[in-house]
Amino acid sequence: MQQPLPADQRPDGWDAATAHYEDTVERITARFAQKMFDHADVGVGTKLLDVASGAGVVALSAAKLGADVLATDFSPKMADRLRERVAAEGLPNVRVEVMDGQALDLPDASQDIVTCNFGVIFFPDHAAGFGEFSRVLRSGGTALITTWGSPDRVALFPLIMAAVQEAVPDFQFTPPGSNALNFSDSAVMSDALRQAGFATVDAHTSSEPWVLPSARTIEGQMQTNPGLANLKAQITPEQFEATIQATVRILQERHGDGPVTLDMEAHLFVAHKP
Ligand SMILES: C[S@@+](CC[C@H](N)C(=O)[O-])C[C@H]1O[C@@H](n2cnc3c(N)ncnc32)[C@H](O)[C@@H]1O
């Protein structure tokens with residue numbers, strides 16, 4: 001019998017994350033989103049498809065540069081939230097549609113640029129997704145894709161592992177770990193993009209600070225983060241709550257009651273369609 005997909009590969013898992021998303025995760029994804037615009041000409045009339053848009057951090061920025069943006073996500077709640085932001089900002093050049101990034105309901109060669117900020121890591125069929133990005137790009141078009149970097153340099157992961165060891169001392173984590181760490185090896189990702197038909201693939205690795213207002217901010221993020229589903233499945237609800245409290249305590253020990261900074265490494269792939 002086929003196993004059900006984990007929460008971070010299902011729309012309902014991300015629907016549940018919508019409430020805390022902008023206050024937490026978007027504070028770091030926004031930093032890498034901005035870097036995308038250093039690697040492609042995005043301006044008035046650029047046809048830009050943003051895949052796995054979430055609450056829209058890439059789509060909103062691209063629209064403010066004048067691009068003609070189609071923002072897509074498979075989570076209806078994320079799409080609704082982005083529609084609210086588009087309306088609040090009065091941006092007529094953004095359309096938002098619920099769509100799976102692995103099966104884009106769009107014509108061939110219809111886009112100048114495809115962006116996907118921390119989205120492909122959650123695709124169960126990565127090759128299908130990369131094939132779709134290539135199919136909908138025009139010849140000479142560019143895909144801009146981010147993934148998290150080396151697990152020991154993505155500070156959230158060692159932090160949570162330390163917290164689990166504190167809360168559940170005999171815990172043995174059973175792989176697979178979080179899908180969020182898929183393609184943390186940039187060579188593997190570059191190969192996968194070439195196999196999907198991209199000609200030149202450049203990987204840019206950098207680290208950015210994830211600044212949260214306080215240690216307590218992480219609570220809501222951990223409670224609703226679908227990426228922690230694998231961990232949640234391996235411990236009791238009480239142990240999971242104890243892990244959240246241990247995470248908060250470790251952060252308070254390091255940073256006191258003020259803002260918290262986690263250094264997060266990521267790769268930005270710039271891939272050109274021949
Ligand atoms: C970590 S969030 C990134 C959101 C946004 N791009 C950002 O940078 O803040 C991951 C997003 O990927 C979306 N997602 C995951 N799998 C998807 C799929 N197969 N098709 C479309 N969206 C997907 C989720 O719904 C979620 O909004």
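**Why these labels? A friendly walk through the structure**

In this predicted model, 19 residues surround the ligand, and the closest are Tyr21, Thr29, Ala52, Asp73 and Gly101.

Q: What makes a residue count as one of the 19 that surround the ligand?
A: A residue is near the ligand if one of its heavy atoms lies within 4 Å of it. By that cut-off 19 residues belong to the shell, Tyr21 and Gly101 among them.

Q: What classes of residue make up the shell around the ligand?
A: The shell has ten nonpolar, seven polar and two charged residues. Asp counts as charged and Gly as polar.

Q: What makes the pair of the ligand and asparagine 117 a polar contact?
A: The cut-off for a pair of N or O atoms is within 3.5 Å. An oxygen atom of the ligand is 2.9 Å from an N or O atom in the side chain of asparagine 117, so this pair is a polar contact.

Q: Which other residues have polar atoms paired with a nitrogen atom of the ligand?
A: Phenylalanine 74 offers a polar backbone atom, 3.3 Å from a nitrogen atom of the ligand. Glutamine 102 uses an N or O atom of its side chain, with a nitrogen atom of the ligand 3.3 Å away. As for cover, the ligand has 600 Å² of accessible area on its own, and the protein covers 98% of that.

Q: Why is the pair of lysine 47 and aspartate 68 called a salt bridge?
A: The rule asks for a side-chain nitrogen of Lys or Arg within 4 Å of a carboxyl oxygen of Asp or Glu. Lysine 47 and aspartate 68 have N and O at 3.9 Å, so the pair passes. This salt bridge links distant parts of the chain, with lysine 47 in strand E1 (residues 47-51) and aspartate 68 in strand E2 (residues 68-73), 21 residues apart.

Q: Are lysine 47 and aspartate 68 buried, partly exposed or exposed, and how do you know that?
A: Partly exposed is the class between under 20% and over 50% relative accessible area. Lysine 47 has 37%, so lysine 47 is partly exposed. Aspartate 68 has 38% and therefore falls in that class too.

Q: What makes arginine 81 and glutamate 84 a salt bridge, and where do they sit?
A: Their side chains meet at 2.8 Å, N to O, and the cut-off is within 4 Å. Both are in helix H4 (residues 76-89), and because they are three residues apart, about one helical turn separates them. With 26% for arginine 81 and 47% for glutamate 84, each counts as partly exposed.

Q: Why do arginine 216 and glutamate 219 get separate exposure labels?
A: Buried means under 20%. Glutamate 219 has 19%, so glutamate 219 is buried, whereas arginine 216 has 41% and is therefore partly exposed. Their closest N and O atoms are 3.0 Å apart, and they form a salt bridge. Elsewhere, salt bridges that share partners join Glu22, Glu26, Arg81, Glu84 and Arg85 into one network. The count of salt bridges comes to 18.

Q: Why is tryptophan 148 called buried?
A: Tryptophan 148 has 8% relative accessibility, and the cut-off is under 20%, so the label is buried. Tryptophan 148 is found in strand E5 (residues 137-148).

Q: How confident is the predictor in the protein?
A: The mean pLDDT is 95, and 98% of the residues reach 70 or more. Among the elements, E1 has the highest mean, 99, and helix H9 (residues 229-234) the lowest, 85.

Note on methods. Residues are numbered from 1 along each chain as its sequence is written. This is a predicted model: local features need pLDDT of at least 70, side-chain atom pairs count only at pLDDT 80 or more; totals for chains, interfaces and linings use all residues. Side-chain values use heavy atoms; hydrogens and water are left out. Helices (H or I, at least four residues) and strands (E, at least two) are DSSP runs, numbered from the N terminus. Buried means under 20% relative accessible area, exposed over 50%, partly exposed in between (1.4 Å probe, protein chains only). A polar contact is a pair of N or O atoms within 3.5 Å; within protein, one must be able to donate a hydrogen and the other to accept it, and residues adjacent in sequence count only if both atoms are side-chain atoms. Accessible areas come from the Shrake-Rupley method with a 1.4 Å probe; for residues, only the protein chains shown count as cover. pLDDT is the predictor's confidence in each residue, from 0 to 100.
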